[in-house]
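This report walks through one protein model, from a single side-chain contact out to the whole chain. Please look over the sequence and structure before reading on.

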Amino acid sequence: MGVSILGLAWRSLMNRKVSAFLTVFAIALSVALFLGVEKARNAAKSGFDNTISGTELIVGAPSGQINLLLYSVFRLGNATAEISWRAYQELDAREDVAWTVPISLGDSHRGYRVLGTNLGYFEHYKYGQRQPLVLSEGREFDDLFDAVLGAEVAKALGYGLETPIVITHGLGAGGLTDHTDRPFRVVGILRPTGTPVDQTIHISLEAMTAIHVGWETGTRNPLTDSITEDMIRSFDLTPKTVTAVLVGLKNRSTVLRTRRAINTRMSEPLLAIIPGQALAELWQVMSTAERVLLAISAFVIAVGLVSILTSILTSLNERRREMSILRATGARPWHIFTLLVAEAAALGFIGAILGAILIQAIFAIAAPILAAQYGVALMSTGPGLVDLYTIGVVTVAAFVLGIWPALTALRRSLADGLTVKL
């Protein structure tokens, strides 16, 4: 044979451009889907893991580890109970505690959660690799009715500095439950973090108390309008309760001992959780869904590989004369066998490469858009070992699938390849 097997396989594929292109396209799409699901899964997990860092404990009312994590960090759901201000002060006074950040949840603005906290939030809250919160515009709140917006809130609602906003009581749609008599003004906008911070409106704890003066029963008291802003400012606005407390320790090695002490020895029942452990438990709950997604993606790749087998098998009848001519011109049986196996492997390899490139292009285009529009950071989506393993597995699988049509062609090549049927 004057031409190499690989060169002959390439020329053979070029003679069947349309079917070869469709087969490669099917493989590329299936590999892109598989890698997309895998990378999106890892990116989501990295995003969850990077939502909060540098916080050793989260303390709240006993409501379950995952539930406490969801409402205190991810702003999902509501606390079934709160902790008293006295318990917070007792927690803050512990000798092994370096800092505490109380947070209060419950209200909203146009679908975005409102979080009451103190200035320690901007100092101690960290995300990612202990990255601090940074203002892109303005300053932190220092007046009673100041508000600091997360990046997504400002972007989605078109708010800027000095924009007046009205807080809604609870998570309702507004209207009769709006605190219209006590509007806030935007004094700061945070940089995007890719965390729930971007979707949060931050006010002071005192402001959270102030807007609920006259709402003690859960509904607006008709006499509330008679309470002026100056009167409110003269009140003691120390909150009676808070939703949860972020805790930093002087020595991280004491975290287990401190957690046990908080859970068992405080004056009122409390639940202290370690964020990393709670996140691991959350992902364990979601592991079934992960396995289902991966199984579906693997099945899609299997369907794509079957397209290689189908393409080669359906072309065998048209290529009987080609194979017989090759045999007649000196090709040995193993040449025929290697030719078809090489074609299958080439289709799988090219399709897998294109699929990996396709998903990288999709993430490259989507990443800046998601970061700019929604503050969502796609982490761990670049090329990696998973891409190489996937390309290798798909190529080997295509090679193995090519054995069946190769053996079939080998048996037929001399039997009927040159037979002229009238």
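## A polar contact at N263

A polar contact is a pair of N or O atoms within 3.5 Å, where one must be able to donate a hydrogen and the other to accept it. The model discussed here is predicted. In it, a polar atom of the N263 side chain lies 2.6 Å from the backbone nitrogen of A272.

N263 sits in helix α9, which spans residues 255–265. Neighbours within four places in sequence aside, N263 is in contact with L270, L271 and A272. A272 is thus listed among the contacts of N263, and its backbone nitrogen is the atom 2.6 Å from the side chain.

## Exposure and reach of N263

Is N263 buried or exposed? Neither term fits. Its relative accessible area is 31%. Buried means under 20% and exposed over 50%, so N263 counts as partly exposed.

N263 also has a distant partner in sequence. V59 is 204 residues away along the chain. In space, the two C-alpha atoms are 9.1 Å apart.

## T55 and helix α10

T55 lies in the loop between α2 (17–49) and β1 (57–60). Its relative accessibility is 8%. The cut-off for buried is under 20%, so T55 counts as buried. Beyond its neighbours within four places in sequence, T55 is in contact with W99, L246, V247 and P275.

P275 belongs to helix α10 (residues 275–285). Which residues of α10 are buried? They are P275, A278, L279, L282 and W283. These residues cover an arc of only 135° around the axis, so they are on the same side of α10.

## The largest pocket

The largest pocket has a volume of about 570 Å³. It is lined by 21 residues. Closest to the pocket centre are M208, T209, H212, K240 and T241.

Which helix gives the most to this lining? Helix α7 (residues 205–210) does, with three residues. By class, the lining of the largest pocket holds eight nonpolar, eight polar and five charged residues.

## The whole protein

The protein has 15 helices and 15 strands. It contains 422 residues, and 49% of them are buried. T55 is one residue that counts as buried.

How much of the contact set spans long stretches of sequence? Take the contacts with a separation of 6 or more: residues 24 or more positions apart account for 79% of them.

Methods. Residues numbered from 1 in each chain as written. Predicted model: local features only at pLDDT ≥ 70, side-chain atom pairs only at ≥ 80, totals over all residues. Heavy atoms only, no water. 1 Å grid on protein atoms, 1.4 Å probe; cavity = no way out; pocket = protein on both sides within 12 Å on 5 of 7 lines; lining within 4 Å. Points joined across faces, edges and corners; volume = space filled by probe spheres on them. Helix = DSSP H or I, 4+ residues; strand = E, 2+ residues; numbered from the N terminus. Nonpolar A, V, L, I, M, F, W, Y, C, P; charged D, E, K, R; others polar. Buried < 20%, exposed > 50% of the residue type's maximum accessible area, 1.4 Å probe, protein only. Contact = heavy atoms within 4.5 Å. Arc of directions from axis to C-beta.
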